[in-house]
Amino acid sequence: MEINYKIENNVAIISWNMTTSPMNVLNDISIPEFESHLQNAYADPSVKGIVITSEKNEFIAGADVKMLLKNNDKDPAETYKFSLDFNNIFRRLETCGKPVVAAINGTALGGGYEVCLSCHYRIALDNPKAQIGLPEVQLGLLPGGGGTQRLPRIIGMEQALMLMVEGKRVNPKEAHSLGMVNDLASSREELMDKAIKWVLANPNAIQPWDEIDKKTGAIKARENYKVPGGNVQSPTGMRTFAGGTAMIMDKTKGNYPAPIAILSCVYEGLQVNMDRAIAVEVRYFVKVATSREAKNLIGVMFLGKNEADKGASRPKDIPKTEVKKLGILGAGFMGAGIAYVSAMAGIEVVLKDVSLENAEKGKEYSRGLIKKGIERGKTTAEKGEQLLSLIKTTDAAEDLKGCDLIIEAVFENRELKATVTKEAEPMLAEGGVFGSNTSTLPISGLAKASAKPENFIGIHFFSPVDKMMLVELIRGKETSDYAVALAVDYVKKIRKTPIVVNDSRGFYTSRCFGTYTSEGIALLKDGVDPILIENAGKNAGMPVGALAVSDEVALDLALKISGQAIKDGALGEDDTTYQVTKLMVEDLGRLGKKNKKGFYEYPADGKKYLWEGLAEYFPVAETQPDIEEVKKRLLYRQVVESIKCMDEGVLITKLDGNIGSILAWGFPAYAGGTLNFPDFVGTETFLKECDRLADTYGERFRLTSQQKELVKTL
Ligand code: NAI
């Protein structure tokens, strides 16, 4: 039994309590059982009404994501039937002739909240941690259980669209003020009491959109229901759709089909009666549910990321480790961030810098974040004090005694890193691990300063540390499985996503991300209009244009990295990035955002704009390429480099490659990450295009026959 059924005071109580799944979810097991309980309640003449609730912490967390992924591979006709059957349950429920109340005892998301929407009345337990909403869009889907039709009819189009298009979740109090639930209860007892009372007091409950025509005795054939805030054709309605379309296109550039499909569902559905409206929704649901975008968002961004979060790349057979005391060398920008996220996870932190003053400055950073958190109601002063008490500042190496892990985040200088490694390593507890947060220096080289290179590892955070969810762990030549396991356990503890890669110039993430900026620079040198380069990057789904992000990272840094690669023989003197950044930095003194002069100008009193002087050094060609071609160059470069990383063994798993590309540098999630990209565009097409791009623009797009074979197995 997944769902309990009992009758109390002539009211059927249908109470979810799944045993086959840790949370109540709608799936192949629970849906038929739910339906059969409902049928019993409809058929039993002694039952005056129904209350739907749950015995777990949550009400119903949503549809089983694995079931949704299965829909993606099915014949659309099968998904159509599935969706129609699913909706019929809800439609029968709201037209069963007996009052039905949702007693929402906890989180009700997606299909879980759609159950509530098909009830005649909704009461929620006022638990500030519970979440209510229709977040399907985040999986590339739309609410497919009538949500796109019922929510706008209940709370109005504008609010409903905002919630559905952004997939926003709200707590019960907010849900109440928006009209998503009708009433609140302060305890489970009160919740059930109110629910049963409502059922008994409203024997003739009916959905407002199902009014009976007094003459014919049937449900009014045409949409007769006044949508709160105005119907589709009203001035507000028209404004909502025009504004909504513009906002979605600005955000998604048309790369994600679900938000526009939600808009269409509401637009079409609100002009017809509920039965036809459901048919509209089913039609669009099938379209998005079988899309590649949904497959990638569910398969990679949801299920894949979950796997990575659980430590999919952790070496097996190493007993669980725990970092209780963490040392951080360097309380600068990165060190301060690492201290904050670690203390947040309850880890004791020793934050060391060259002076106590510097170390204190690093701790100030946590104070600032806590202050913001309190202002936004995300934390309390008491919790903030607790967190701060975990961060000890120091300038003395002895204070690092007994650390399970030490992470150095001092200046990016090989000699300095060697000195601090030698000084701090002896302070480690037995079995302690030393990590470097270097962004460019190969780990195997840095490990030479270590007395225990097997316990030396790269722990690469991204900035800003508190916001960026990925941590790239880099195995040096001698790094042991034990050190990797400890680092993975630490990353899990601070609730970030770990990926594990092998050592390489720029590791995986910086190396591949660098190809985006360098292709942007190559396009500039080829005479492509800079505004086209930037627009193409964003249209392809990258968060920032290639030239803008080059400015942000700093052009002198790009020059330093490419210069070092030339010295090491990895690049030739004619490298485009080297040539262009050399000109920008050495001849023109343009270092990027940091000196307010780069590819862009950064006026003190306004928004950045592309530097007009660029045209003098990089003349804009008379004939410009099609935007699709520019997008291709920008995306394919990153994908080709990721395939090379896989081929060379820098990447160990496809999952890490995909998750890393999306979380580290914002490669488009709709494509499922760099290594899913060939499948997204079609493997054969991808391989042909790589050859064509290589023939046209250079060998950097060329894949070897071995790499081509590898692509076919991805
Ligand atoms: P930063 O310049 O903000 O901080 C460096 C800190 O190290 C300074 O506070 C300095 O006083 C301190 N320091 C210098 N010598 C020291 C010593 N002997 N003992 C203790 N502390 C000492 O630098 P940032 O940006 O925090 O970078 C630190 C490391 O993180 C670098 O290796 C950098 O490449 C890497 N990194 C930086 C990222 C970024 O976006 N800034 C991203 C990922 C990695």
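This is a short talk through one predicted model of a protein chain with a ligand.

Okay, hi everyone. Let me start with confidence. Since this is a predicted model, you'll want to know what the predictor thinks of it. The protein chain has a mean pLDDT of 95, and 99% of its residues reach 70 or more. For the complex, the predictor gives an ipTM of 0.98 and a pTM of 0.92.

Now the ligand. How many residues surround it? The count is 23, and the closest are G330, G332, M334, S439 and S463. If you go by elements, α13, residues 333-344, and α16, residues 414-424, are the ones that give two or more residues to this shell. Helix α13 has the largest share, with three residues. As for chemistry, the shell splits into 12 nonpolar, eight polar and three charged residues.

Let's stay with α13, as that helix takes us into the strands. Together with β12 and β13, helix α13 makes a right-handed β-α-β unit. Strand β12 covers residues 325-329, and β12 and β13 pair in the parallel sense over five bridges. If you want a spot to click on, I328 has L351 in β13 as its bridge partner. On to the next neighbour: β13 is also joined to β14, residues 391-394, by four bridges, and that pair runs parallel too. There, V349 stands opposite I391 of β14.

Why do we call β13 largely enclosed by the rest of the structure? Because four of the five residues in this strand, 348-352, are buried.

There's another unit of this kind further along the chain. Strand β18, helix α18 (residues 481-493) and strand β19 make a right-handed β-α-β unit. Here β18, residues 470-475, is joined to β19 by six bridges, and the two run parallel. I474 finds its bridge partner in V501 of β19. Strand β19, residues 497-502, is largely enclosed by the rest of the structure, because five of its six residues are buried.

How does UniProt label this part of the chain? An unreviewed entry there lists residues 325-503 as "domain: 3-hydroxyacyl-CoA dehydrogenase NAD binding". In our model that span is 39% helix and 26% strand, and its end C-alpha atoms lie 27 Å apart. Residues 506-602 carry the UniProt feature "domain: 3-hydroxyacyl-CoA dehydrogenase C-terminal", also from an unreviewed entry. That span is 62% helix and 2% strand, with end C-alpha atoms 29 Å apart.

Next, a few backbone oddities. As background, most residues other than glycine have a negative phi, and most peptide bonds are trans. Now, which bond here is cis? The peptide bond from S463 to P464, with omega near -5 degrees. You've met S463 already, as one of the closest residues to the ligand. P464 sits in the loop between β17 (456-461) and β18.

Then we have two positive phi values. F507 has a phi of about 50 degrees although it isn't a glycine. You'll find F507 in the loop between β19 and α19 (509-525). F507 counts as buried, because it has 27 C-beta neighbours inside 10 Å. The other one is K253, with a positive phi of about 55 degrees, and again not a glycine. K253 is in the loop between α9 (235-252) and α10 (257-269). Is K253 buried, exposed or partly exposed? Partly exposed, because 17 other C-beta atoms lie within 10 Å.

Last stop: let's go back towards the start of the chain. There's an open sheet of three strands, in the order β7-β9-β10, with mixed pairing. The edge strands are β7 (108-109) and β10 (169-170), each pairing on one side only. Two bridges join β7 to β9, residues 132-133, and those two run parallel. A108 has I132 in β9 as its bridge partner.

And one contact across the sequence. N71 lies in helix α2, residues 65-73. With 22 C-beta neighbours inside 10 Å, N71 counts as buried. N71 and V286 are 215 residues apart along the chain, yet their C-alpha atoms are separated by 8.8 Å.

That's my tour, thanks for listening.

Methods
Residues numbered from 1 in each chain as written. Predicted model: local features only at pLDDT ≥ 70, side-chain atom pairs only at ≥ 80, totals over all residues. Near = placed C-beta within 6 Å. Nonpolar A, V, L, I, M, F, W, Y, C, P; charged D, E, K, R; others polar. pLDDT = per-residue confidence, 0-100. Pairing = 2+ DSSP bridges. Buried ≥ 20, exposed ≤ 12 C-beta atoms within 10 Å, placed from the backbone. Right-handed = clockwise from strand over helix to strand, strands pointing away. UniProt positions renumbered as here; feature names shortened; annotations may be inferred.
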